[in-house]
Amino acid sequence: MTTNDESRPDALDASGRRLDQIRLTGITALGYHGVFEHERREGQTFVADVVVHLDTRRAAARDDLAHTLDYGALAQQVAAVLSGEPVDLIETVAERIAATVLASGVVQAVDVAVHKPNAPIEVPFGDVVVAIHRDRTKLPAAEPYVPRPTAAEPASRPVPTATASFPVTPGPGAPTVAPAALSAGAWGESVAPAPGGLSVEGPDTPSTELETVPAGGAVVDGEIVTDALDRAPDGPVEIVLALGANLGPAQETLREAVSDLAGTPGVEVVEVSALARTSAVGGPEQADYLNAVVLGTTTLAPRELLRATQAIEQAHGRERQERWGPRTLDIDIVLYGSVLAVTDDLELPHPRAHERAFVLQPWAQVAPHAVLPGLGGGPVGALAATAPDRDGVRWLALDWLTAPIPAVGSDTAAVPAGPRAPLPGPGVLDA
């Protein structure tokens, strides 16, 4: 049986260098996946090939398994997915395997091929294969494999996993905000849990017995929650938020937004960056943007934080009518601890953060040693210095929270930042 990457170009690291590979081929297990009743009842053989892309030099130099992928453990996990919870499509099986691989922090990309050689097809055939490639910019649309709880691990404390998109009912009192995919706060991708892991209880929520909760679910404030992004962390998690505005009194709006964030229960503002002015090119003709970055901590679940930021946007008249169009306020969740996740309404971290100077430059100014995780990430200062739109940052204002600055439509520069150059889009992260 062949691997699934024969015609695929080699995966590259952030510097454009070819990554190393670990290949597992022919992993075989009896599974019960399929749309027909007899497939679920009788089962059939499924086979998986996995090609993992990573840098093996550190492990080789130290001769230490801790710095590479344990392919023996991975083989067991892949077999467990093949023989595990039945699903209709082998596409779903492939996504689960990819998510399991990418849950390891050393892995940059993965190729997965799932074979169904005994598929119920009425004509002669050799094999059916679904092959996918997933990396930190195109994350899996499924959860990674997690062993089922044993008798010593009550189901009331499910192990946190990466997240797929599930319908979730907001907790009582939560603001109802329509999700806006790839808009303010909508970035992100297999989930490595946030520091301390994601628990089923918020900081003020008592433990709840979960005997009636479906496998993999939990109860928060009396509501069934099946998505890891709806579980509050065990303790404060570091967050990075990007703010932008170019309609109305933009500076005053951003000041009020910082104040609103600081007044949000479960959110603590720690640092606020300088204010960047950026030209808006790529969308309709419009005024320059003002952008800033807020560093803080939160005890809110990721999606709770998303709802809170969207509520602040709406309070300042935000309307989502035109992509790249002018707006009164954008608040984007750049980073939520170490979580890497992708859903229809939230991606973490933002897949384009590494190439947006209007975020990177203010962030580097307030946190010189910050590091952006994920594929394409790295030291924020270095990314800011090489970002494609770096010349489009017109100037930075250091005391903007207390002192007035020139109007957004003015050409007065407070701190020169190089010649004006076109941006790939406006100073908002959903560009």
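Q: Two strands pair if DSSP finds at least two bridges between them; which residue of β11 stands opposite leucine 241?
A: This is a predicted model, in which local features need pLDDT of at least 70 and side-chain atom pairs count only at pLDDT 80 or more, while totals for chains, interfaces and linings use all residues. Residues are numbered from 1 along each chain as its sequence is written, and side-chain values use heavy atoms, with hydrogens and water left out. Strands (E, at least two residues) and helices (H or I, at least four) are DSSP runs numbered from the N terminus; β7 and β11 pair in the antiparallel sense over six bridges. Opposite leucine 241 in β11 stands isoleucine 333.

Q: How many bridges join β7 to β10?
A: Strands β7 and β10 run antiparallel. Glutamate 238, for example, stands opposite threonine 297 in β10. The number of bridges that join β7 to β10 is nine.

Q: Why is β7 described as largely enclosed by the rest of the structure?
A: A residue is buried under 20% relative accessible area, exposed over 50% and partly exposed in between (1.4 Å probe, protein chains only). Strand β7 is largely enclosed because, of its nine residues, the number that are buried is eight.

Q: How many residues does the largest nonpolar core have?
A: A nonpolar core is a set of buried Ala, Val, Leu, Ile, Met, Phe, Trp, Tyr and Cys residues joined through side-chain atoms within 4.5 Å. Leu241, Leu243, Leu254 and Leu305 have the most contacts inside the largest one. Elements that give two or more residues to this core are β7, α5, β10, α6 (302-315), β11 and β16 (393-397). The number of residues in this core is 32.

Q: Which tryptophan is in contact with leucine 254?
A: Contact means heavy atoms within 4.5 Å. Leaving aside neighbours within four places in sequence, leucine 254 is in contact with residues including Leu243, Ala245, Leu275 and Leu290. The tryptophan among its contacts is Trp400.

Q: Which loop residue forms a salt bridge with glutamate 39?
A: A salt bridge is a side-chain nitrogen of Lys or Arg within 4 Å of a carboxyl oxygen of Asp or Glu, and by this rule the count comes to 13. In the pair sought, the closest N and O atoms are 2.8 Å apart. One partner lies in the loop between β3 and β4 (129-135) and glutamate 39 lies in helix α1 (residues 37-42), so the pair ties together parts 77 residues apart in sequence. Glutamate 39 counts as buried at 2% relative accessibility, and its partner, buried at 10%, is lysine 116.

Q: Is glutamate 252 buried or partly exposed?
A: Glutamate 252 meets arginine 255 in a salt bridge (3.4 Å, N to O). The two are three residues apart in helix α5 (residues 250-262), so about one helical turn separates them. With a relative accessible area of 35%, glutamate 252 is partly exposed.

Q: Which residue caps the N-terminal end of α3?
A: Helix α3 (residues 71-83) has 13 residues and reaches 18 Å from its first C-alpha to its last, close to the 18 Å expected, the expected span being 1.5 Å times one less than the number of residues. At its N-terminal end, a side-chain oxygen lies 3.1 Å from the backbone nitrogen of glycine 72. That oxygen belongs to aspartate 70.

Q: What distance separates the C-alpha atoms of isoleucine 97 and aspartate 111?
A: Isoleucine 97 is in helix α4 and is buried, with a relative accessible area of 1%. Its contacts, not counting residues up to four places away in sequence, include Val78, Val81 and Leu82, which are among the buried residues of α3. Isoleucine 97 and aspartate 111 are 14 residues apart along the chain, and their C-alpha atoms are separated by 9.6 Å.

Q: Which glycine offers its backbone oxygen to the side chain of threonine 298?
A: A polar contact is a pair of N or O atoms within 3.5 Å; within protein, one must be able to donate a hydrogen and the other to accept it, and residues adjacent in sequence count only if both atoms are side-chain atoms. Threonine 298, in strand β10, is buried at 1% relative accessible area. A polar atom of its side chain lies 3.0 Å from the backbone nitrogen of leucine 300. The same side chain reaches, at 2.8 Å, the backbone oxygen of glycine 266.

Technical notes
Two strands pair if DSSP finds at least two bridges between them.
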